[in-house]
Amino acid sequence: CQTQLTAPSPTCAHCGAACTLRDLPAVLANGGANERRIEEAVARWLSQLDHDSSFEALLGIGIGYLSINRSGDALPFLLRALELHGYDSVLGELCGSIAARPLILAVDDSPTVRRLVSITLERQGHRVRTAVHGLAGLAKFQEETPDLVLLDLTLPELDGYELCKALRRPPGPKPL
């Protein structure tokens, strides 16, 4: 949330986000975060990425996502931060730990369902990515193939049945 820290602490007193990568279990298991405040901070940083894609900005977004149990969303930003910074053993270990988790894609138009599924599966050691509708789910599937896809059948733009057919279709040209 960009609050000025007055004392070294593993979590921010204002929003509860993780403030350090030094304690990997605490970062990955953080449960006391104020999700709304962290989502607002992440949204601000995301809106500034065109102007500031510094190591600090990418790391802040990644840690913000980790603090609200969204390791699937955090990993791409942490990997970009690692790329910019050069190899850092703590960040490299964190990225490896997250990448080793099984990836689950949850596609549902209900924010409550997405949040509950994400938190539950993240706490069980999975990496979760979520999508609001079928087309977003298809895009995320094409970015990185998940180990499992959970999807709602009644989705806007592309319903669950159509999305399932699209995911099962092999890549390449469509048959005539």
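**Notes on the fold and on Arg127**

1. Let's start with the contact pattern: among contacts in the chain between residues at least 6 apart in sequence, 54% link residues at least 24 apart. Keep in mind that this is a predicted model.

2. On secondary structure, the chain has eight helices and three strands. Reading from the N terminus, the order is α-α-α-α-α-β-α-β-α-β-α, so the run opens with five α elements before a β element turns up.

3. For the surface, the chain has about 10,000 Å² accessible, and carbon and sulfur atoms account for 55% of that. Of its 176 residues, 41% count as buried.

4. Now for a residue worth a look on your screen: Arg127, which sits in strand S2, residues 127-131. Is Arg127 buried or exposed? Its relative accessibility is 3%, and since buried means under 20%, Arg127 counts as buried.

5. What does the Arg127 side chain reach? One partner is the backbone oxygen of Ile98, at 3.3 Å. There is also a side-chain to side-chain polar contact with Glu144, at 3.0 Å.

6. Ile98 and Glu144 both show up again in the contact list of Arg127, which leaves out residues up to four places away in sequence. That list also has Ser71, Gly72 and Leu75, then Ala99, Arg101, Pro102, Leu103 and Ile104, plus Glu122.

Notes: Residues are numbered from 1 along each chain as its sequence is written. This is a predicted model: local features need pLDDT of at least 70, side-chain atom pairs count only at pLDDT 80 or more; totals for chains, interfaces and linings use all residues. Side-chain values use heavy atoms; hydrogens and water are left out. Helices (H or I, at least four residues) and strands (E, at least two) are DSSP runs, numbered from the N terminus. Buried means under 20% relative accessible area, exposed over 50%, partly exposed in between (1.4 Å probe, protein chains only). A polar contact is a pair of N or O atoms within 3.5 Å; within protein, one must be able to donate a hydrogen and the other to accept it, and residues adjacent in sequence count only if both atoms are side-chain atoms. Contact means heavy atoms within 4.5 Å. Accessible areas come from the Shrake-Rupley method with a 1.4 Å probe; for residues, only the protein chains shown count as cover.
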